[in-house]
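Hi everyone, thanks for making time this morning. I'd like to walk you through a structure, so please have the sequence and the 3D view open while I talk.

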Amino acid sequence: MCCSKTTTHFTSAHTPRERASSHLNMAVTHLLPLLALVAVAAGLAIPQPKCHMPQQWEARVVRFDPNRRYYHNHTSEYRAYGRYAYDGDQQRKAWVEDLEYGNEHTEVRLSVLELFSEKKAYVTDLKTQECKIYPLENADWHPHDIPENATFHGFENIGGPADYVSLQQWHVHPDRHGGFAYKTYTQQCVPVRSDHFNNATGFHFEEFSDVTIGIHDPSIWFPPTNCKAVATLDLAFADI
């Protein structure tokens, strides 16, 4: 997934921009009812112990910023779809994604490996096979666990009366950016949503699907051998 030997194929007939627009419309359509549901659940919720999320898993991921705000003279707008691997024990992440970002709506396909034990991110443009090493000295590790300061807001049922999935809802304020976060997990503590908002960059949507526990190919954690170091971390590749 992260290495030059690993290739991930996307078989959807829709383009990344079409899929992004569909997800954006769905998110905006359901945002207000969801906030109302959260408010009701908060009033009815009983204390819920924090579950322990699996520390190694893989999933499909969708991420985007519907607010299109500007941050340090750069747009924070982006849309990304891909495969994602997470290892909380070793503090590392790897993913392959189709990404559209910035004022020019630049489209790239990237393989990214973040090794926080080394404070390095290896980013490969899969079209050109160019690999760059970005420093992570000023970047914090972003775990997907339920934070210590999270508040349980109740349960959310996805589906109908006879066929549904019940999700735990957790609200975090303040989160690591000084804003707030909304997270959902299954009853087995598998992560499903991880959204957050702050005044600088606005609302960020992140959703996981087809989650599998464990890492099927440990070689994804091996960095490519053709990478060159760069001085600063590009905002487009930052772990938001």
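**Starting from one tryptophan**

Let's begin at Trp57. Leaving out residues up to four places away in sequence, Trp57 touches Tyr84, Ala85, Tyr86, His144, Pro191, Phe208, Val211, Thr212, Ile213, Gly214 and Ile215. Before going on, please keep in mind that this is a predicted model. The average pLDDT of the protein chain is 78, and 69% of the residues score at least 70.

Two stretches deserve caution. Over residues 1-13 the pLDDT stays under 50, and the model has 37 contacts beyond four places in sequence for them. Residues 38-45 also stay under 50, with 10 such contacts.

Now for the overall build. The protein chain has 1 helix and 14 strands. Of its 240 residues, 45% are buried. If you take contacts between residues at least 6 apart in sequence, 55% of them join residues at least 24 apart. On the outside, the chain exposes about 12900 Å², and carbon and sulfur atoms supply 54% of that area.

Back to the inside, then. In soluble globular proteins, nonpolar side chains tend to be buried together. Which residues have the most contacts inside the largest nonpolar core here? They are Trp57, where we started, and Tyr84, in a core of 29 residues. The elements giving two or more residues to this core include strand S1 (56-64), strand S4 (78-87), strand S5 (92-101) and strand S6 (106-115). S4 provides the largest share, 4 residues. There is also a second, separate core of 11 residues, with Cys131, Ile133, Ile215 and Cys227 among them. You may remember Ile215 from the list of residues that Trp57 touches.

Let me stay with Tyr84 for a moment. Tyr84 is found in strand S4. Is Tyr84 buried or exposed? Its relative accessible area is 5%, and the cut-off for buried is under 20%, so Tyr84 counts as buried. The side chain of Tyr84 also makes a polar contact of 2.8 Å with the side chain of His144, and His144 is one of the residues touched by Trp57. As for the backbone, the C-alpha atoms of Tyr84 and Ala59 are 5.3 Å apart, although 25 residues separate them along the chain.

Next, the cysteines, which I suspect many of you were waiting for. How many disulfides does a search of the whole structure find? It finds 2.

One of them pairs Cys51 with Cys189, with the sulfur atoms 2.0 Å apart. The torsion about this S-S bond is about 75°, so the disulfide is right-handed. Cys51 lies in the loop between helix H1 (16-44) and S1, while Cys189 lies in the loop between S11 and strand S12 (191-198), so the pair links distant parts of the chain, 138 residues apart. Cys189 is buried, at 1% relative accessibility.

The other disulfide joins Cys131 to Cys227, S to S 1.9 Å. This link is right-handed too, with 75° about the S-S bond. Here the distant parts are strand S8 (residues 130-135), which holds Cys131, and strand S14 (residues 227-229), which holds Cys227, 96 residues apart. Cys131 is buried with a relative accessible area of 3%, and Cys227 counts as buried at 18%.

Number the bonded cysteines in sequence order and the pairing reads 1-3, 2-4. That's my tour, and I'm happy to take questions.

Key:
Residues are numbered from 1 along each chain as its sequence is written. This is a predicted model: local features need pLDDT of at least 70, side-chain atom pairs count only at pLDDT 80 or more; totals for chains, interfaces and linings use all residues. Side-chain values use heavy atoms; hydrogens and water are left out. pLDDT is the predictor's confidence in each residue, from 0 to 100. Contact means heavy atoms within 4.5 Å. A nonpolar core is a set of buried Ala, Val, Leu, Ile, Met, Phe, Trp, Tyr and Cys residues joined through side-chain atoms within 4.5 Å. Buried means under 20% relative accessible area, exposed over 50%, partly exposed in between (1.4 Å probe, protein chains only). Accessible areas come from the Shrake-Rupley method with a 1.4 Å probe; for residues, only the protein chains shown count as cover. A polar contact is a pair of N or O atoms within 3.5 Å; within protein, one must be able to donate a hydrogen and the other to accept it, and residues adjacent in sequence count only if both atoms are side-chain atoms. A disulfide is a pair of cysteine sulfur atoms within 2.5 Å.
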